[in-house]
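Subject: Handover of a structure and notes on its side-chain contacts

Dear colleague,

Please find below the structure that I am handing over to you. I would be grateful if you could keep it open while you read the notes that come after it.

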Amino acid sequence: MNTTTTQGVTVSVTTNYLPDYSSPGQEHYVFAYKIDIRNDSEYTVKLLRRHWYIHDANAVVREVEGEGVVGQQPVLEPGQSHQYVSGCNLKTGLGKMLGTYQMERVVDGREFTVQIPEFTLVVPYRLN
């Protein structure tokens, strides 16, 4: 599990390779990742936007930006968490993702950026 904390907001990531949805012979590898966002700050926060950088082993970098996460803009009171699962496809069996969330303190509308820790996407047989 990869974890980072920014201004009291902790983001943790775990990943899984999905062989049933992948076709290595056709350079199609599918991964799922589970994100846990925990608000350990003293303020209620709202997740406004996401910004991802997706790298594969061929040095191809894709950027993905948009509102919220999986169609939601969760509001987290102090001590609350939000989890979601999403996915990514690569043309190689090895890659990585990293990014940021744009958050807002609800009390005063102040926006701040939360780091998403870099994590590796790798098919299990590449680890040997």
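The notes below treat the salt bridges and then two individual residues.

Please bear in mind from the start that this is a predicted model.

**Salt bridges**

There are three salt bridges in the structure. In one of them, the partners are aspartate 40 and arginine 38, whose closest N and O atoms lie 2.9 Å apart. Aspartate 40 has a relative accessible area of 44% and is partly exposed. Arginine 38 is also partly exposed, at 32% relative accessibility.

Another salt bridge brings together the side chains of lysine 96 and glutamate 118, with an N to O distance of 3.7 Å. This pair links distant parts of the chain, as lysine 96 belongs to strand 8 (residues 94-105) and glutamate 118 to strand 9 (residues 111-122), 22 residues apart. Lysine 96 is partly exposed, with 29% relative accessibility, and glutamate 118 is partly exposed too, with a relative accessible area of 43%.

The remaining salt bridge is formed by the side chains of aspartate 108 and arginine 105, at 2.3 Å from N to O. Are these two partners buried or partly exposed? Aspartate 108 is partly exposed, its relative accessible area being 43%. Arginine 105, in contrast, has a relative accessibility of 14%. Buried means under 20%, so arginine 105 counts as buried.

**Glycine 8**

Glycine 8 sits in the loop between strand 1 (2-6) and strand 2 (9-17). Which residues does glycine 8 touch, leaving aside those up to four places away in sequence? They are Arg38, Asn39, Asp40 and Ser41. Two of these names will be familiar, since arginine 38 and aspartate 40 form the salt bridge described at the outset. In addition, the C-alpha atom of glycine 8 is separated by 9.3 Å from that of proline 78, although the two residues are 70 residues apart along the chain.

**Histidine 51**

Histidine 51 is part of strand 4 (residues 45-56). With 16% relative accessibility, histidine 51 counts as buried. The side chain of histidine 51 is joined to that of glutamate 63 by a polar contact of 2.6 Å. Glutamate 63 also appears among the residues that histidine 51 touches, which are Glu63, Val64, Glu65, Leu98, Gly99 and Thr100 when residues up to four places away in sequence are not counted.

Yours sincerely,

A colleague

Conventions
Residues are numbered from 1 along each chain as its sequence is written. This is a predicted model: local features need pLDDT of at least 70, side-chain atom pairs count only at pLDDT 80 or more; totals for chains, interfaces and linings use all residues. Side-chain values use heavy atoms; hydrogens and water are left out. A salt bridge is a side-chain nitrogen of Lys or Arg within 4 Å of a carboxyl oxygen of Asp or Glu. Buried means under 20% relative accessible area, exposed over 50%, partly exposed in between (1.4 Å probe, protein chains only). Helices (H or I, at least four residues) and strands (E, at least two) are DSSP runs, numbered from the N terminus. Contact means heavy atoms within 4.5 Å. A polar contact is a pair of N or O atoms within 3.5 Å; within protein, one must be able to donate a hydrogen and the other to accept it, and residues adjacent in sequence count only if both atoms are side-chain atoms.
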